[in-house]
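I'm opening a fresh notebook page for a structure I haven't looked at before. I'll jot down each thing I look up, in the order I get to it.

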Amino acid sequence: FIRSAPAPALNSLIVRSMDTGQERTFRQDGLENVSPRWLPDGTGVIVTVNEGGTGSNASRAFYRVDLGSGDFTRMFPANADSYIRAAAGALSPDGRLLYLACAAKTGDPWTGIDAVDVSTGASTRVVDFGDGGLPGPAPGLAVSPDGRTLAIGMVTSGTDYSDYESRILVVGTDGT
């Protein structure tokens with residue numbers, strides 16, 4: 001789990017073994033309070049780090065945390081020049097792709113889901129939500145164990161948490 005601390009303290013990622021109860025703490029400035037995504041081999045996790053700024057001016061990136069060495073390695077930026085990506089996403093079972101919701105800018109409707117290659121940062125649009133996009137918070141994402149299906153928990157209408165209407169969309173990771 002990620003524990004945030006007030007400035008100037010560092011943010012911490014704490015990993016606890018369910019077998020031994022041993023805890024290890026990994027520290028990184030800007031670590032965001034977003035669930036880490038485990039790599040399939042169990043040697044590391046992917047986290048989101050705010051590299052500076054706030055709100056729509058925030059500069060975020062995805063990092064791999066090596067649980068053996070404690071090293072944080074920058075993988076790719078969360079945002080592109082023409083759109084932003086959600087800080088949370090779903091990792092494919094083979095660990096090669098990170099699925100992320102995208103929007104034109106902070107506060108805009110979500111326009112689609114991209115599959116981002118974790119090695120290269122290359123992005124492919126998997127789902128396009130069409131004109132108007134999706135309102136509300138970033139869609140929740142989950143990838144099936146065989147890596148062929150993506151479940152998308154999404155808000156379909158409403159303006160705040162008291163009146164959101166939600167649906168679950170199931171699509172192939174190839175966009176079908």
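My entries below go from the whole chain down to single residues.

**Entry 1: the whole chain**

First note to self: this is a predicted model. I started with the secondary structure, and the chain has zero helices and 14 strands. Written out in order, the pattern is β-β-β-β-β-β-β-β-β-β-β-β-β-β. I then checked burial: 40% of the 176 residues count as buried. The accessible surface is about 9500 Å², and carbon and sulfur atoms own 49% of that. I also looked up how far along the chain the contacts reach. Taking contacts between residues at least 6 apart in sequence, 30% join residues at least 24 apart.

**Entry 2: the cores**

Which residues have the most contacts inside the largest nonpolar core? I got Tyr99, Ile113, Val127, Phe129, Leu141, Leu150 and Ile152, in a core of 19 residues. The elements giving two or more residues to this core are S8, S9 (97–103), S10 (110–117), S11 (123–128), S12 (140–143) and S13 (149–157). There is another core apart from that one, with twelve residues, including Leu13, Leu31, Val47 and Phe72. I scribbled a reminder in the margin: in soluble globular proteins, nonpolar side chains tend to be buried together.

I picked Tyr99 for a closer look. Skipping neighbours within four places in sequence, I found Tyr99 in contact with a list of residues that includes Ile113, Leu141 and Leu150. Gly89, Ala90 and Thr173 are also among the contacts of Tyr99.

**Entry 3: an aromatic pair**

I searched the whole structure for aromatic pairs and got one. The ring centres of Phe62 and Phe76 are 5.2 Å apart and the planes sit at 40 degrees, so I put the pair down as tilted. Phe62 is in strand S6 and Phe76 in strand S7, so the pair ties together parts 14 residues apart in sequence. Are these two buried or exposed? Both Phe62 and Phe76 turn out to be buried.

**Entry 4: salt bridges**

How many salt bridges does a search of the whole structure find? It finds seven, and I wrote up a few of them.

Glu32 and Arg60 meet through their side chains at 2.5 Å, N to O. This pair links distant parts of the chain, 28 residues apart: Glu32 is in the loop between strand S3 (23–28) and strand S4 (37–38), while Arg60 is in strand S6 (residues 59–66). Glu32 has 11% relative accessibility, so I count Glu32 as buried. Arg60 is partly exposed, at 24%.

Glu51 and Arg74 form another salt bridge, at 2.8 Å, N to O. Glu51 belongs to strand S5 (residues 44–52) and Arg74 to strand S7 (residues 72–77), so this bridge ties together parts 23 residues apart in sequence. Both ends are noted as partly exposed: Glu51 has a relative accessible area of 35%, and Arg74 has 41%.

Arg16 and Glu23 make a salt bridge too, at 4.0 Å, N to O. Glu23 is partly exposed, with a relative accessible area of 46%.

**Entry 5: Thr48**

Next I went to Thr48, in strand S5. Why does Thr48 count as buried? Its relative accessibility is 1%, and buried means under 20%. A polar atom of the Thr48 side chain lies 2.7 Å from the backbone oxygen of Ala87. Leaving out residues up to four places away in sequence, Thr48 touches Glu32 and Arg60, the salt-bridge partners from my last entry. Phe62, from the aromatic pair, is also among the residues Thr48 touches.

**Entry 6: Tyr83**

Last stop was Tyr83, in the loop between S7 and strand S8 (84–91). Tyr83 is buried, with a relative accessible area of 18%. What does its side chain make polar contacts with? One contact goes to the side chain of Arg85, at 3.3 Å, and another, at 3.4 Å, joins Tyr83 to the side chain of Asp114. Beyond its neighbours within four places in sequence, Tyr83 is in contact with Cys102, Ala103, Ala104, Asp114 and Ser123. I also checked Tyr83 against Thr106, 23 residues apart along the chain, and their C-alpha atoms are separated by 8.8 Å.

Technical notes
Residues numbered from 1 in each chain as written. Predicted model: local features only at pLDDT ≥ 70, side-chain atom pairs only at ≥ 80, totals over all residues. Heavy atoms only, no water. Buried < 20%, exposed > 50% of the residue type's maximum accessible area, 1.4 Å probe, protein only. Helix = DSSP H or I, 4+ residues; strand = E, 2+ residues; numbered from the N terminus. Contact = heavy atoms within 4.5 Å. Polar contact = N/O pair within 3.5 Å; in protein donor to acceptor, adjacent residues only side chain to side chain. Core = buried A, V, L, I, M, F, W, Y, C linked by side-chain atoms within 4.5 Å. Phe/Tyr/Trp six-rings, centres within 6.5 Å; stacked < 30°, edge-to-face > 60°. Areas by Shrake-Rupley, 256 points an atom, 1.4 Å probe, with all protein chains shown as cover.
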